[in-house]
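Hi everyone, thanks for making time for this. I'd like to walk you through one model today, so please have the viewer open and follow along with me.

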Amino acid sequence: RSRQMLIQNYPNPFTYQTTISFHLTRPGMVRLSIYDLSGRHIALLVNEMRPAGNHTVQWNGTDDAGGQLSSGIYICNLISGAGMQSKIMILTRSEF
(Lines give C-alpha, C1' and ligand atoms only; values in the text may rest on other atoms or scores of the structure.)
Protein backbone atom coordinates (compact mmCIF):
# COMPACT_ATOMS: atom_id res chain seq x y z
CA ARG A 1 0.00 0.00 0.00
CA SER A 2 1.28 3.43 -0.97
CA ARG A 3 1.81 5.87 1.91
CA GLN A 4 3.16 9.34 2.49
CA MET A 5 4.10 11.37 5.54
CA LEU A 6 4.17 15.16 5.81
CA ILE A 7 6.46 16.11 8.68
CA GLN A 8 5.86 19.27 10.75
CA ASN A 9 7.92 22.17 9.40
CA TYR A 10 10.96 23.31 11.38
CA PRO A 11 11.34 25.78 12.87
CA ASN A 12 7.71 26.51 13.69
CA PRO A 13 6.97 29.34 14.36
CA PHE A 14 9.47 30.77 11.86
CA THR A 15 10.57 34.28 10.94
CA TYR A 16 12.44 34.12 7.62
CA GLN A 17 12.63 30.52 6.41
CA THR A 18 11.33 27.09 7.34
CA THR A 19 12.07 23.55 6.22
CA ILE A 20 9.23 21.30 5.07
CA SER A 21 9.97 17.58 4.85
CA PHE A 22 7.92 14.68 3.55
CA HIS A 23 8.41 10.97 2.90
CA LEU A 24 7.04 8.89 0.03
CA THR A 25 7.03 5.08 0.08
CA ARG A 26 6.48 5.00 -3.70
CA PRO A 27 7.44 7.35 -6.52
CA GLY A 28 4.69 9.55 -7.91
CA MET A 29 3.30 12.98 -8.66
CA VAL A 30 3.57 15.36 -5.70
CA ARG A 31 1.94 18.75 -5.14
CA LEU A 32 3.07 20.76 -2.11
CA SER A 33 1.17 24.02 -1.65
CA ILE A 34 0.72 26.78 0.90
CA TYR A 35 -2.70 28.27 1.73
CA ASP A 36 -3.94 30.93 4.10
CA LEU A 37 -6.64 30.18 6.68
CA SER A 38 -9.40 31.26 4.29
CA GLY A 39 -8.25 28.58 1.82
CA ARG A 40 -6.69 31.04 -0.66
CA HIS A 41 -3.73 29.60 -2.57
CA ILE A 42 -0.49 31.35 -1.57
CA ALA A 43 2.41 29.39 -3.05
CA LEU A 44 3.14 26.25 -5.04
CA LEU A 45 6.40 24.72 -3.79
CA VAL A 46 6.43 21.35 -5.57
CA ASN A 47 4.42 20.13 -8.56
CA GLU A 48 6.36 17.25 -10.12
CA MET A 49 7.18 13.57 -10.06
CA ARG A 50 9.31 12.61 -7.06
CA PRO A 51 11.02 9.30 -6.29
CA ALA A 52 10.31 7.27 -3.17
CA GLY A 53 12.23 8.45 -0.12
CA ASN A 54 12.72 11.56 1.99
CA HIS A 55 12.32 15.03 0.49
CA THR A 56 13.02 18.50 1.87
CA VAL A 57 11.81 21.89 0.63
CA GLN A 58 12.69 25.35 1.95
CA TRP A 59 10.02 28.06 2.12
CA ASN A 60 10.86 31.69 2.83
CA GLY A 61 7.39 33.01 3.61
CA THR A 62 6.68 34.46 0.17
CA ASP A 63 3.81 34.00 -2.27
CA ASP A 64 4.09 32.76 -5.87
CA ALA A 65 4.90 36.31 -7.04
CA GLY A 66 7.78 36.64 -4.55
CA GLY A 67 5.92 39.01 -2.23
CA GLN A 68 6.64 38.73 1.49
CA LEU A 69 3.69 37.52 3.52
CA SER A 70 2.64 39.08 6.80
CA SER A 71 2.69 37.30 10.12
CA GLY A 72 -0.03 34.71 10.41
CA ILE A 73 -1.06 31.09 10.28
CA TYR A 74 -0.60 29.21 7.01
CA ILE A 75 -1.47 25.68 5.92
CA CYS A 76 1.04 23.40 4.19
CA ASN A 77 -0.80 20.86 2.03
CA LEU A 78 0.77 17.74 0.49
CA ILE A 79 -1.10 15.80 -2.20
CA SER A 80 0.21 12.63 -3.82
CA GLY A 81 -1.19 9.36 -5.14
CA ALA A 82 -1.25 8.21 -1.51
CA GLY A 83 -3.66 10.96 -0.41
CA MET A 84 -3.58 14.38 1.20
CA GLN A 85 -2.05 15.69 4.44
CA SER A 86 -1.87 19.18 5.94
CA LYS A 87 0.13 20.90 8.68
CA ILE A 88 -0.27 24.31 10.31
CA MET A 89 2.67 26.72 10.09
CA ILE A 90 3.10 30.01 11.96
CA LEU A 91 4.97 32.89 10.33
CA THR A 92 6.10 35.63 12.75
CA ARG A 93 7.58 38.70 11.08
CA SER A 94 9.30 41.35 13.16
CA GLU A 95 7.08 44.43 13.01
CA PHE A 96 9.70 47.20 13.46
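Let me start with a term: when I say salt bridge, I mean a side-chain nitrogen of Lys or Arg within 4 Å of a carboxyl oxygen of Asp or Glu. Please also keep in mind that this is a predicted model.

With that cut-off, how many salt bridges does a search of the whole structure find? It finds two. One of them joins the side chains of D36 and R40, with 3.1 Å from N to O. On the D36 side, the relative accessible area is 13%, so D36 is buried. R40 has 51% relative accessibility and therefore counts as exposed.

In the other bridge, the side chains of R50 and E48 meet at 2.7 Å, again N to O. R50 comes out at 17% relative accessibility, so R50 counts as buried, while E48, at 37%, is partly exposed.

Stay with R50 for a moment, since its side chain also makes a polar contact with the side chain of H55, at 3.4 Å. H55 sits in strand β5, and its relative accessibility of 9% is why H55 counts as buried. If we skip residues up to four places away in sequence, H55 touches I20, S21, F22 and L24 as well as R50.

Two of those names, I20 and F22, bring us to the core. The largest nonpolar core has 19 residues, and I20 and F22 are among those with the most contacts inside it, along with L32, I34, W59, Y74 and M89. Which strands supply at least two residues each to this core? They are β2 (18-24), β3 (28-36), β4 (41-50), β5 (53-59), β6 (72-80) and β7 (83-91).

M89 is a good residue to click on here. Beyond its neighbours within four places in sequence, M89 is in contact with core residues such as I20, I34, W59 and Y74. The contact list of M89 also includes N9, N12, F14, T18, G72, I73 and C76.

Now pick T18 out of that list. T18 is in strand β2. Is T18 buried or exposed? Its relative accessible area is 0%, so T18 is buried. What does its side chain do for polar partners? There is a polar contact with the side chain of N9, at 2.9 Å, and the backbone oxygen of Y10 lies 3.3 Å from a polar atom of the T18 side chain. Leaving out residues up to four places away in sequence, T18 touches N9, Y10, P11, V57, Q58, W59 and M89.

Y10 and P11 deserve a second look, and this one is for those of you who check omega angles. Most residues other than glycine have a negative phi, and most peptide bonds are trans. The bond joining Y10 and P11 is cis, with omega about -5°. A cis peptide bond also joins N12 and P13, where omega is about 5°. P11 is found in the loop between β1 (4-10) and β2, and P13 has its place in that loop between β1 and β2 too.

Next, two more buried positions. L78 lies in strand β6, and with 0% relative accessibility L78 counts as buried. The contacts of L78, again leaving aside neighbours within four places in sequence, are Q4, L6, F22, V30, R31, L32, G83, M84 and Q85. L78 and M89 are eleven residues apart along the chain, and their C-alpha atoms are separated by 13 Å.

V46 is in strand β4, and its 2% relative accessibility is why V46 counts as buried. Outside the residues up to four places away in sequence, V46 touches V30, R31, L32 and V57. From V46 to S33, which is 13 residues away along the chain, the C-alpha separation is 7.1 Å.

Let's finish on the outside. Which residues make the nonpolar surface patch of about 340 Å²? They are L37, I73, I88 and I90. You met I73 earlier as a contact of M89. I73 is found in strand β6, and because its relative accessibility is 38%, I73 counts as partly exposed.

That's my tour, and I'm happy to go back to any view you'd like.

How values were computed. Residues numbered from 1 in each chain as written. Predicted model: local features only at pLDDT ≥ 70, side-chain atom pairs only at ≥ 80, totals over all residues. Heavy atoms only, no water. Core = buried A, V, L, I, M, F, W, Y, C linked by side-chain atoms within 4.5 Å. Buried < 20%, exposed > 50% of the residue type's maximum accessible area, 1.4 Å probe, protein only. Helix = DSSP H or I, 4+ residues; strand = E, 2+ residues; numbered from the N terminus. Contact = heavy atoms within 4.5 Å. Patch = residues over 30% accessible without salt bridge, like charges linked within 9 Å, V, L, I, M, F, W, Y side chains within 5 Å. Areas by Shrake-Rupley, 256 points an atom, 1.4 Å probe, with all protein chains shown as cover. Polar contact = N/O pair within 3.5 Å; in protein donor to acceptor, adjacent residues only side chain to side chain.
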